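Visitor: Could you take me on a close look at one part of this structure, and then show me how the rest fits around that part? I'm happy with plain talk, as long as you stay with what the model shows.

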Amino acid sequence: MTTTLTVPLYRAAHARTGDKGNRSNISLIAWHPRLWDLLVEQVTEAVVERQFAHRHPSRVVRHLLPNLHAMNFVLDDVLDGGVNDALNLDSHGKALSFLLLDLSLEVPLELSDCLAGHGASKPM
Amino acid sequence: MNCEPLPTLHVGCAAGFSGDRTDAAAPVVEALIAAGGPAVLIFETLAERTLALAQLARRENPDAGYEPLLDELLRPVLARCLEGGVRIVSNFGAANPMGAARRIAALAAELGTRAPRIAVIEGDDLMGAAHRSLLADALGPQAQGLKIVSANAYLGAEAIADALLAGADIVVAGRVADPSLTVGPALAHFGWARDDWDRLARATMAGHLLECGAQVTGGYYADPGYKDVPGLANLGYPIAEIDADGHCVVTKPAGTGGRIDEHTVKEQLLYELHDPAAYLTPDVVADIGEAQVMQLGPDRVRLSGVRGHARPATLKVNVCHETGWLAEGEISYAGPRAEARARLAAEVLRERLKGLGPVRADLIGVSSVFADDAGDWSHAQADSGARDVRLRVALHHADRHQAERLAREVTALYTCGPAGGGGVRTALRRRLGTVSCTVPRDSAPGRYVFLL
């Protein structure tokens, strides 16, 4: 029986990147309060560390803000040196929020009305 | 005790970085004047490296070193602000606040306005001989061999508040903490105790929401189909209505583009924050762990629940130093096997530039943003068969002539590289590094002086 959907994270939350030196912070904010618990369960420090593995974070810390249905990831040493030292084009890491949003999320069918957009979601 | 609450203070922000749109201020100023109460216009134009670039400009020309677009920012609104009683507070003084103040006085004369009272904030610049040993102690071993361009302490709100209380129409600062541009006017207007941590923290977060300009009104937010923003080409810049307890409502001028809702406010609230319970500024340690945002109406969102803790005993100092040169080059390949030819060109460049340091190669159109300097990401991907690929390479070198070799090698690909390579562009830029340290608060006191 179909009980969950696998959807891209961007259907459940939105995100923004900020930078200070070689440290990036990425906020993740639920589109709907009812999706918050799923984010807490599934978008863990370990999952985020894996998603950014090729950028070699020395530390990933997640801060929870339940009132805002938001969390803040702080990723150390993922900016190839940061805005002063990196050789990359996006030395601020502005685009990295969308690497986070490329994760997927398992969502119970009854919460599908809380999702944003109409991206492909496939019943499991 | 007077129990009449002081009127709400309106603070509008018309620039969030040096390089922001310069036509944002007029609608903000008109909205501030229409609101009728005490009002301040701020411009935040000083990112980490902006000050170092300003110092380099001042080396070339002693009258320069302040925000290069000062005239473009102020000319459209200076007369209206002075007529309408809207005070102006900004860090657009950069490396030469006194120079900026003189330029503003000249601009006011040129526009035929009354002569404004212009205050200049001093004390952030630690480049002078008087601070040499302070800086050396604060930097410790990392000072070794640094070619320092600028050293500035992040000052807080107090000198700004004092200048406003002394009657300044315009306050020109160099390095002050971005939220202090808002906290200063709030402190002056409401007369809060300077250890009223909760109120200072609330005003700090109001300032935090304002300090990046349009980032709270729909800029850096739009994502078609998910986060639609009307009128992105004509974004309204934000205004915070701050009450006597420091709580704020964020809004924007009527008739402008953009949107303010709980989602835009949450994104900006967390922007460049690390631990939400400890956002450090020179004025206070702000704590948004229990903060709440609530939509009150169209483009009106209230922030509440911010708490404050005692400010740090030290001030943060940013030191910018010369590190050498960044060389970049690009060349395009298109059509069948374009990606394979671009990858081959990258290999050729790596071989030709061997020994100069790491060469970063990006395949624009395939993988150029999420990838890493070491190329691990790109090497892990098979040729995707992309038919429109721009190779972009970059390297850093302390020596300008060595860095220039990258540009020559990319250009030489026209005749020596893979088939069909076209559209070479190269660039060479001076690089600045940043190191941070802290100094005791008392060793870098902020103060104001009036332009005479």
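**A buried strand and its surroundings**

Guide: Let's start with strand β15 (residues 360–364) of chain B: four of its five residues are buried, so the strand is largely enclosed by the rest of the structure. Keep in mind that this is a predicted model. The partner to look for is strand β16 (residues 388–397) of chain B, which runs antiparallel to β15(B) and is joined to β15(B) by five bridges. To get your bearings on that pair, find B:Arg360, whose bridge partner in β16(B) is B:Ala394.

Now zoom out to the domains. The domain assignment splits chain B into domain 1 (9–128 + 152–312) and domain 2 (319–435). Their C-alpha centres are 39 Å apart.

What lies between those two domains? Look for the largest nonpolar core, which has 174 residues. Domain 1 and domain 2 of chain B both give residues to this core, so it lies between them. Its largest share, nine residues, comes from strand β14 (residues 314–334) of chain B. The members that touch the most other members are A:Ala12, A:Leu28, B:Leu41, B:Ile121, B:Ile160 and B:Val171, so pick one and look around. B:Leu41 is a good choice: leaving out residues up to four places away in sequence, B:Leu41 touches B:Gly12, B:Ala14, B:Ala25, B:Val28, B:Val29, B:Leu32, B:Cys81, B:Val86 and B:Ile88. A:Leu28 from that list of core members takes us over to chain A, where A:Leu28 sits in β3(A), opposite A:Ala15. Strands β2(A) and β3(A) run antiparallel and are joined by eight bridges. They belong to an open sheet of four strands, ordered β2-β3-β5-β4 (chain A), with antiparallel pairing. At the edges stand β2 and β4 of chain A, each with a single partner strand, so one side of each is left without a neighbour in the sheet. From one strand to the next, the twist averages 20°.

Chain B reaches this sheet too. Helix α10 (residues 262–269) of chain B lies across β2, β3 and β5 of chain A, at about 155° to β3(A). Taken as a whole, the contact between the chains involves 29 residues from chain A and 38 residues from chain B. On the chain A side, β2 (13–20), β3 (23–30), β4 (59–65) and β5 (70–76) each supply at least two residues, and β2(A) gives the most, with four residues. By character, the chain A side divides into twelve nonpolar, eleven polar and six charged residues.

One last stop, back in chain B. Here three strands form an open sheet in the order β9-β10-β13 (chain B), with antiparallel pairing. The edge strands are β9 (279–280) and β13 (307–309) of chain B, each pairing on one side only. Strand β10 (residues 285–287) of chain B pairs with β13(B) over three bridges, and B:Asp287 stands opposite B:Arg307 in β13(B). Packed on this sheet is helix α9 (residues 197–210) of chain B, which touches β10 and β13 of chain B and makes an angle of about 115° with the direction of β13(B).

Terms used:
Residues numbered from 1 in each chain as written. Chains lettered and ligands numbered in written order. Predicted model: local features only at pLDDT ≥ 70, side-chain atom pairs only at ≥ 80, totals over all residues. Contact = placed C-beta atoms within 7 Å. Nonpolar A, V, L, I, M, F, W, Y, C, P; charged D, E, K, R; others polar. Core = buried A, V, L, I, M, F, W, Y, C linked by C-beta atoms within 7 Å. Buried ≥ 20, exposed ≤ 12 C-beta atoms within 10 Å, placed from the backbone. Domains from an automatic or database assignment. Pairing = 2+ DSSP bridges. Axes fitted to C-alpha atoms, helices over the stretch in contact; angles between N-to-C directions.
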